[in-house]
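Biologist: I have just opened this one and would like a walk through it. Could you show it to me?

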Amino acid sequence: MNTHPSRRRVVVTGLGWVTPLGHELEAVWRALLAGQSGIGPITRFDATTFPTRFCGHVKDFDWRPLVRDAALHDGILPNTAFALGAAAQAWKHAGLDRDGVAGGHRLGIYLGSGEGILDFESYVAANVGAWDESARRVNSTAWHEVAAARMKAAGEIEQEANMPLTHLALEFGAMGPCSNCLTACAASTQAIGEAAALLREGKVDVMISGGAHTMIHPLGVTGFNRLTALSTRNDEPTTASRPFSADRDGFVLGEGAGILVLETLDHAQARGATILAEITGYGSSADAFRITDMHPEGRGPVAAMRMALDDAGRSVDDIDYISVHGTSTHENDSTETQAIKTVFGTRAGSVPSSSVKSMMGHLIAAAGAVEAIVCILAIRDGIVPPTINLNKPDPECDLDYVPNEARKMKVDMCLSNNYGFGGQNNTLIIERFDHA
Amino acid sequence: MSLRDVVISGIGPVCGQGLGASALWQGLLDGRGRFGPIRAFDASAFASPFASEVPEDFKLRDYVPKSYRKAAKVMARDIELAVAGAQLAAQDAGVLTRARIDLEGIADRAPQYESPRMGAQIGAGLIASDLDELTSALAGARDQAGQFDIHLWGERGINDLTPLWLLKYLPNMLACHVTILHDAQGPSNTITCGEVSALHSVGEATRLIGRGAVDLCFCGGMESKINPMSHLRQIFTGRLLEASADIDPATALRPFDRKAAGSIAGEGGAILILEALETFERRRQEQTSLQAYARIKGYAATQTLNPKTRNLTPDSEGTAIAMAIRLALEDARIAPEDVDLVIPFGAGHPAYDSAERNALASAFGSALPELRICPIRPMVGLCGAGTGGLDLCAAVLALHHQAQPAVINCDEPLTDLNVASGPSRPAKIEHVLVLGTALGGQNAAIVLSRP
């Protein structure tokens, strides 16, 4: 349904993801429905003395066979590799490898991807080697000598946050509007919302959207450990991510990418594409409260959910399933619960919601795109994934989070939430496609 | 271009020329580049030791209320400059926001917009950690041989970092602090697309206001790459002039000149206030002296495909830049000959300059030799995500003052370009075209018109 007759309808025609639970669409979906955990030890670097020593790594993934010309992407960092892998799947899933699309400038990309991993060893060698203990500062001449010799130009450039976007453009020949936003853990939800807006306005026919990110590197883990945001259940990594459980102690870092192919309905129908779902609503807000904490009543999340529902012309009564941000931090889960209660009122307790972060960890900038894919597959198959490790109910978190077991149910309409450090809140409304 | 018309009502430029609209305009009129040896650190060993830095007398406390001083301690330089730019822009727009009320101590006054009707779309870069701060912690994790030991780091070194360390460096923290200070609770986005970030931000903010999601938006972009890590990365891109110490940086950045040899780093950018024309007009009924600077008439974004350099430079024809120009003019519903002034990207790098020249030639055809082109890179440098913000300010000020900025450092222009050095002069300016190109190939074109 489209309550705004002047704007174009936006449909999803292709999906792809690279996640800690695998990198093939149906296999990952089966793992999620089976309640499997993709969490294990950190292997990218030696984390054996870190407060947190586990994460959700992407495993056994090779992007090279998936691209047209590997030389175009030689030397890419993991975030870009994940993005390319997910996008290649989505492109194929949409049948665009077969059909092609008309006119490069009618194809755009909007990603919410994170920065690339820093060359930690060279960086530390330069920093520590140039440390002037008595002056308590880095001698920049000594720093330059090590850094210029050790760091690789291409590897440094690849860290820029627009590089996944740039490589996707080269791979798929996109010449239309291309952008990357980085609003922390809300980024790829925002990207999908903005990509849908471009399609609605008729600026483009097809958009590749989603996000890719990894913060599983020494300074990433350091930063989140210092914020005491990460779980430190080193002895039980697979049950450490336990959103909404009373004994949750922080989130678990994951990594990967989620990519969707979005099209105007007219374009998708003209080429006979299989339509997987429709994106009908997008809401975005800022907490504008504090840099560290969410507003205690969740005013930002409330505003984003209401804006998305209004945008879709829907009411809370229409929503069958909520993909919650559900990070497994104390603050997020209780504040998000409060916000859902504020928006859904008496219906809050009867709308099932779940967090796949319990199984794959938190993919940071890429989380929202992966969760949007979860919503679309839930609509397709009539089943929603569980929130695993939910064994100790928290009185502050008393909604139906689909604990521990996937649930068969008819899903026609989903609401998906993501929130970022710093107070960005984004919500999407994703519906079963209906010709009417 | 949108359902609702959008105006620029205030600008907050921050750059080597100083802070605020009048400092920038004076620099553009005088045609003076403010470059020198890098002050922030000893860059004498770097291949490009010069930059245009924000003047030393910049004090963050002039721009944040006392109640916010604690949070100011977790601001990277990029964030500080953005906070200053937003405060300046709000003052310049004559719009009362929470931050102005707090800073100016006028608690009896109320903000003019409701919080949810104000948003932020701010361009940001990859923010480098403060080397001294991080290394003082890293140095504590050295073994007896003086080598960094990651085991010692995990065990105890990390505790020497301030708990909020990570939050200084997330790119979305520019918008985060700005939205907190001004109590802007509407949509908030952070665009990270290199040098076009600010142009994309303004383009997207225009669409956001156009579709009614907000009435006012803080937008633009801000960045400082003037630290060893970011500066080295810029040198690695091959776009900066490799300069020996005896070069005069004030004349070495030469956009569209046949002797162009590379760009020079700058720092800063601008925050702009965009408002829906209808809500601006409502405000103007009470503040009769208000004047909008410009209307945002057209915007287009395109992507370069240049597999030869993996998009690190545009293709020689500037194909996608030309496409952006055509689409922006179409969006603005004006013809090429209606454009009175171009503020180009004008990097002063031969590959970028010739691609931009060819794109202009393709889009403007026979109208090109008459069209005045005023690159401002020689006055402010290449400012990362802030670049387009300053370029938009130059366009806004040219419209407002009905004058072309001075052009410097172009003695032998590329064919058919009206870009030879010359003083600023009065001119009838109805429409200005602003262009940008990012490392990675994202392009934007924006048409600004008299309000």
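Modeller: What follows goes over one chain, then the contact between chains, then a helix and a residue. This is a predicted model, in which local features need pLDDT of at least 70 and side-chain atom pairs count only at pLDDT 80 or more, while totals for chains, interfaces and linings use all residues. Residues are numbered from 1 along each chain as its sequence is written, and chains are lettered from A and ligands numbered from 1 in the order in which they are written.

Biologist: How many helices and strands are there in chain B?

Modeller: Chain B has 15 helices and 15 strands, where helices (H or I, at least four residues) and strands (E, at least two) are DSSP runs numbered from the N terminus. The radius of gyration of chain B is 21 Å, close to the 22 Å that the globule rule gives for 451 residues, so chain B is as compact as a globular protein of that length; the radius is taken over C-alpha atoms, and the rule is 2.2 Å times the number of residues to the power 0.38.

Biologist: And how many residues does each chain bring to the contact?

Modeller: Chain A gives 73 residues and chain B gives 75, with two residues in contact if their C-beta atoms, placed from the backbone, lie within 7 Å. On the side of chain A that touches chain B, helix H5 (residues 140-150) of chain A gives the most, with seven residues.

Biologist: Which residues of H5(A) are buried?

Modeller: They are A:Ser140, A:Trp143, A:His144 and A:Ala147, and a residue is buried if 20 or more other C-beta atoms lie within 10 Å of its own, exposed if 12 or fewer, and partly exposed in between, with C-beta atoms placed from the backbone. Down the axis of H5(A), these buried residues fall within an arc of 100 degrees, so they line one face of the helix; the arc is that of the directions from the helix axis to the C-beta atoms.

Biologist: What covers them?

Modeller: The cover includes helix H4 (120-129) and strand E6 (137-138) of chain A, together with helix H9 (228-236) of chain B.

Biologist: Changing topic, where is A:Ile430 found, and why does it count as buried?

Modeller: A:Ile430 is in strand E16 (residues 424-431) of chain A, and it counts as buried because it has 30 C-beta neighbours inside 10 Å. Leaving out residues up to four places away in sequence, A:Ile430 touches several residues, among them A:Ala277, A:Ile279 and A:Cys414.
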